[in-house]
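Dear colleague,

I am passing on the structure below, and I would be glad if you could look through it before reading my notes. What I found follows underneath, in an order that I hope is easy to follow.

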Amino acid sequence: MNAPVKPRHRPPLSREWMKNYYTGREPFCEWPWDDLFVNLSNDTRICCSFFTKLQPFDWPTAKDFHKETSMWNSPFMQYMRKNMGTPDEVPFCTVCLTVDKRAPANKQLVAKAKKESLELYRSLQAKPALHGTIDAVEIPLADWQLTPDGASNDKPVKPFSTSKYIYREMVQRWGFISKKKVLLAGLQRKAMAPFLAEMSDHVVLADFTGKQLAATQQICHALGLDNVSVSDLRGVARLPYDDASFDAIWIEGRSLTVDRPWPLLPELRRVLSQDGTLHLHESPGPGRWIEKFIAGEISHRDLVDNIARGPRIEDRNAFVTRQSLETVLVKAGLKFDRSAPPGVARYSSGDESRLFEDFGIKAIARSLQDPTFLDRLRAEPRALSGLEKCISFNAIQKPPKDSGEADEPDAM
Amino acid sequence: MPGTSAIATPTDRRPVRRAHPRKPPGHYEHWKNIVEEAVRTNAPPSPDLIEANVNLGDWEAYLGIGKVSSFPVNLHVTITDVCNARCGFCGYSPDISTNRRLKVEDIERADWLKFCRQLNPNGGLNEPLSHPQIAELLEAVRRQAPFVEMGMTTNASLMSDRLINVIVAYFKRMIVSLNAARKETYEATMPPLKWDKTIDNLRRLRDAKRSQKTDLPTVVASVVTHRHNLEELPELPELLKELDIEGLRIQPMAVRMMATDRQLMTDAETIQSVPRLANWSFRALEANCDKFGIRLTHALPVFDAARLVGTADPEHAQALPAARTTTLFSAPGIGVPEGQEQAR
């Protein structure tokens, strides 16, 4: 083969603008006028490497397409177009147009541009009607830094300034907007309560240990949120609420592992309205229990027994996997809500290497029986890499069999 | 070239004024009137509507208009999040799938599709033909927008006769993820897909195009290159020629994902780990593409011969990462043994 070796020189620009570079034309991005990406959640983007998901697309008709409430002419889209190529350009667009945004050397620059662009996007987005005065909290937040209880690496969080949008986006992502009556079960994460309360008519704060009730209520009242009431669940024989009395229930994953003499999921289903939403936030995955074993908090025997029993939510050793969501819910008359893609957090060792070759529960259980594998589990930093740490997901009432709605098969 | 030097922060880089490169044809008001009138009267689809919308969008970009009257020119819609392949370089796994799908009703409500020039039913990691109602969905798009140009990326393993007819009738472009030139490599890279089935589908697509006397859709084969398929790459052009595939897109494998249900290929399996083999393979591929009339969509990489590991600096030859034996390529005869690469 005598094919000539062709020298290649890559200009310091994002690959989108190579043609401009070689034809001597200044890059100008027309994508906000031309392109629309819509995913299955109806989240939108303008290009393949956009810095965030934009306002959901509601598949409008042609007549409604250009309304300002619709995605295509939303305030941020208008801002982005109007300021393209000006000093007020969206920072991410500027970086994309002037340097190679994929080059490792520009990682920090791109991260900063993303952050600035996200702040801009959030400031321009229409907010739902909010109760309370969270936005009026003044900085610094010396008195408002919260420390999550029970967390192994207790670090203060600033939910009412730096993390405000994260909490709000979390509440919106799981569909807890403008609900009439919400049950927040488990108050390990005290900061969640005000963000649920500001978007709901009424929130019942319920705690299985009773320890956090007063502090959480105090925070809500201090933020002008009087639409909360408290409920102590210590020692109750069943949930002290009427059937179908809540439009939505938010339960913290750590509450699943609290001792209680009554089955949790059937009770939650009983108090949830027929078209209500149950959200299980950060339910423990199998990795949590293996982490506890490595930390010496549980014995090898307990770990093996627990994993071998498989995913379940009934007892204090509860854990779930993404694959098991359908089966663990069906026993309680609930159904995994596909309209809200589950959030699966996995352990990461910083690269793609991992100790567990197979993340199936049976394979994990088999590996844990092998003494040499246990030694590696304790010694290797990548031991947990790839394992499911916790899973957040929504569940809905399973329709009665005779309603004619057949269950869809799970994903391939 | 303005604005290409390194500056510290995004804010510092902001332009004084970056101009739109070209003035669009006609007049802004003219195209705006056509599009608004078409919306008001629910005008039937036509190529003229698409042209008016493209020109209106260009004018709005040229003038820097924020609140637009045009519709998206290019629409990219995810129609499913399921894939039927488990490629050795792709992070897709059933875990990330919710089995949700775009509904035919959504398309039927979108009476503005007739303004769009292009529609791509791809997005994220999925196989669009795994949508159980794909034919109905595409037919609905065609009813709404008979002149929209459709293109998709697919592994071509699920093409039934009905789907082939729909594809030949409706699609302008198709990218087929082939990823190999030999059966063994294909089936090791893209399990559980079968080489014979995919090649048969592509032959039937070719025959359908010939019998309908059409060149559309134009088909481009896509190959993610890694050390296990480098050696066979020069064989591809002849196969593509036989299948009436007009182009070839070569993408070097980038390792950046983890799949939960299987071990993916690693850095030791990238083409960078075998630079001399890569140079030989790409030059031979270029020559065979010329010979069989296959268009390469992208220029192929060239590794600098002076800096090749093991050529200029013998000590570095020891540092060349050995190929990790993966479950994918542990079968004898698959992939390229390290010694063979050295012999080039």
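How much area does chain B expose, and what percentage of it do carbon and sulfur atoms supply? The exposed area of chain B is about 14600 Å², and carbon and sulfur atoms supply 52% of it. Please keep in mind throughout that this is a predicted model.

To stay with chain B for a moment, it contains 11 helices and 7 strands, and 57% of its 344 residues count as buried. If one takes the contacts in chain B between residues at least 6 apart in sequence, 74% of them join residues that are at least 24 apart.

Chain A is divided by the domain assignment into domain 1, which covers 15-124, and domain 2, which covers 134-400. The centres of these two domains of chain A, taken over C-alpha atoms, are separated by 34 Å.

The confidence of the prediction deserves some care here. The average pLDDT of chain A is 84, and 89% of the residues score at least 70. In residues 1-7 of chain A, however, the pLDDT stays under 50, and the model has 8 contacts for them beyond four places in sequence. Residues 402-412 of chain A are also below 50, and this stretch has 23 contacts in the model beyond near neighbours in sequence. Where pLDDT is low, the predicted coordinates should not be read in detail.

Now to the aromatic rings, of which there are 22 pairs over all chains. In one of these pairs, F57(A) and W59(A) meet edge-to-face, with 5.2 Å from centre to centre and 75° between the planes, and both F57(A) and W59(A) are buried. Another pair is formed by F176(A) and W250(A), whose ring centres are 5.2 Å apart and whose planes stand at 80°, which is over 60 degrees, so this pair is edge-to-face. The pair links distant parts of the chain, since F176(A) lies in the loop between α6 (164-173) and β3 (179-185) of chain A, while W250(A), 74 residues apart from F176(A), belongs to strand β6 (residues 246-252) of chain A. F176(A) and W250(A) are both buried.

One aromatic cluster takes in residues of chains A and B, namely F57(A), W59(A), F65(A), W72(A), F71(B), W112(B) and F115(B).

Finally, two lysines are placed over rings: K164(A) lies over the face of Y165(A), 5.8 Å from the ring centre, and K292(A) has its charged end over the ring of W289(A), at 4.7 Å from the centre of that ring.

With best wishes

Notes. Residues numbered from 1 in each chain as written. Chains lettered and ligands numbered in written order. Predicted model: local features only at pLDDT ≥ 70, side-chain atom pairs only at ≥ 80, totals over all residues. Heavy atoms only, no water. Domains from an automatic or database assignment. Phe/Tyr/Trp six-rings, centres within 6.5 Å; stacked < 30°, edge-to-face > 60°. Buried < 20%, exposed > 50% of the residue type's maximum accessible area, 1.4 Å probe, protein only. Helix = DSSP H or I, 4+ residues; strand = E, 2+ residues; numbered from the N terminus. Lys NZ or Arg CZ within 6 Å of the ring centre and 35° of its normal. Contact = heavy atoms within 4.5 Å. Areas by Shrake-Rupley, 256 points an atom, 1.4 Å probe, with all protein chains shown as cover. pLDDT = per-residue confidence, 0-100.
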